[in-house]
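Please study the sequence and the structure shown below before reading further. The paragraphs that follow lead through the model step by step.

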Amino acid sequence: MDAYNSLNEMMSYFHLNFIVYFILLLIVIINCLKTIANYMRIKKDSKADLTTGPTDIGITLLCGTALFFALYFQGVLADVSGSHSEIWFPRVFALSIISLLLLIVQLRFLILIADKLQSDKGNK
């Protein structure tokens, strides 16, 4: 009974850990918006400087990996205490899905940037 009370006490502070997941999502959003802004700039002027690239995808993938492990932890939490998992799993899952969708958007715009730069090289 004492371990269960310790778990309840620990989970009462889980919202502090959950802030990290929002920060990870914020990083993904910033990278995605940065890629879209670069595409808009390249579309207007093909000689514009790029500030996005493979590093941004790497950062987004690292954030996605961290959110994956957050989901994995929710599975462990479900084994230990279903009531706490019922509270936090939907939230972590939603953040992970949003992050995955933003990764797909970011990849699409990186492909569009590469295609635009390639077509501009071909026209020279």
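A residue is called buried when its relative accessible area is under 20%, exposed when that area is over 50%, and partly exposed in between. By this rule K34, with a relative accessible area of 28%, is partly exposed. The model discussed here is a predicted one.

K34 offers a suitable starting point, for its side chain meets that of D56 in a salt bridge, with 3.3 Å from N to O. The pair ties together parts that are 22 residues apart in sequence, because D56 lies in helix α3 and K34 in helix α2. Side chains of opposite charge can pair when their charged atoms come close. The structure holds 1 salt bridge. Is D56 buried or exposed? D56 counts as buried, because its relative accessibility is 6%.

The two helices joined by this pair may now be considered in turn. Helix α2 covers residues 14–44. It has 31 residues and reaches 46 Å from its first C-alpha to its last, close to the 45 Å expected at 1.5 Å a residue. Its buried residues include F14, F18, Y21, L24, L25 and V28. Further along α2, N31, C32, T35, N38, Y39 and I42 are also buried. An α-helix has 3.6 residues a turn, so residues three or four places apart point the same way.

Other residues of α2 are turned to the surface to varying degrees. L33 lies in this helix, and it counts as exposed because its relative accessible area is 53%. L33 and T65 are 32 residues apart in sequence, and their C-alpha atoms are 20 Å apart in space. I23 is also found in α2, and at 46% relative accessibility it counts as partly exposed. I23 belongs to a nonpolar patch on the surface, together with Y13, L16, I19, I27 and I59. These residues have about 530 Å² of accessible area together. Which helix supplies the largest share of the nonpolar patch? Helix α2 does, with 4 residues.

Helix α3 spans residues 54–80 and has 27 residues. From its first C-alpha to its last it reaches 39 Å, close to the 39 Å expected at 1.5 Å a residue. In addition to D56, the buried residues of α3 are I57, T60, C63, L67, A70, L71, Q74 and L77.

The discussion now turns to the interior. In soluble globular proteins, nonpolar side chains tend to be buried together. The largest nonpolar core of this model has 18 residues, of which M11, F14, F18, Y21 and V92 touch the most other members. Helices α1 (2–11), α2, α3 and α4 each supply at least two residues of this core. Which helix gives the most to it? Helix α2 does, with 7 residues. A second, separate core has 6 residues, among them I57, L103, F109 and L110. As for individual contacts, F18 touches W88, R91, V92 and L95, if residues up to four places away in sequence are not counted.

Helix α4 covers residues 82–123, and several of its residues show how it meets other parts of the chain. L95 is found in this helix and counts as buried, because its relative accessibility is 6%. Leaving aside neighbours within four places in sequence, L95 is in contact with F18, Y21, F22, L25 and L67. The C-alpha atoms of L95 and L24 are separated by 9.1 Å, although the two residues are 71 residues apart along the chain. S96, also in α4, is buried with a relative accessible area of 12%. With neighbours within four places again left aside, S96 is in contact with L67 and L71. L67 is thus named among the contacts of both L95 and S96.

Two further residues of α4 complete the account. L117 lies in this helix and counts as partly exposed, because its relative accessibility is 27%. Apart from neighbours within four places in sequence, L117 is in contact with I42, S46 and L50. L117 and S46 are 71 residues apart in sequence, yet 6.8 Å apart in space from C-alpha to C-alpha. D120 likewise has its place in helix α4, and it is buried, with a relative accessible area of 15%. The C-alpha atoms of D120 and K47 are separated by 9.3 Å, while the residues are 73 residues apart along the chain.

How values were computed
Residues numbered from 1 in each chain as written. Predicted model: local features only at pLDDT ≥ 70, side-chain atom pairs only at ≥ 80, totals over all residues. Heavy atoms only, no water. Expected span 1.5 Å × (residues − 1). Buried < 20%, exposed > 50% of the residue type's maximum accessible area, 1.4 Å probe, protein only. Patch = residues over 30% accessible without salt bridge, like charges linked within 9 Å, V, L, I, M, F, W, Y side chains within 5 Å. Areas by Shrake-Rupley, 256 points an atom, 1.4 Å probe, with all protein chains shown as cover. Salt bridge = Lys/Arg side-chain N within 4 Å of Asp/Glu carboxyl O. Contact = heavy atoms within 4.5 Å. Core = buried A, V, L, I, M, F, W, Y, C linked by side-chain atoms within 4.5 Å.
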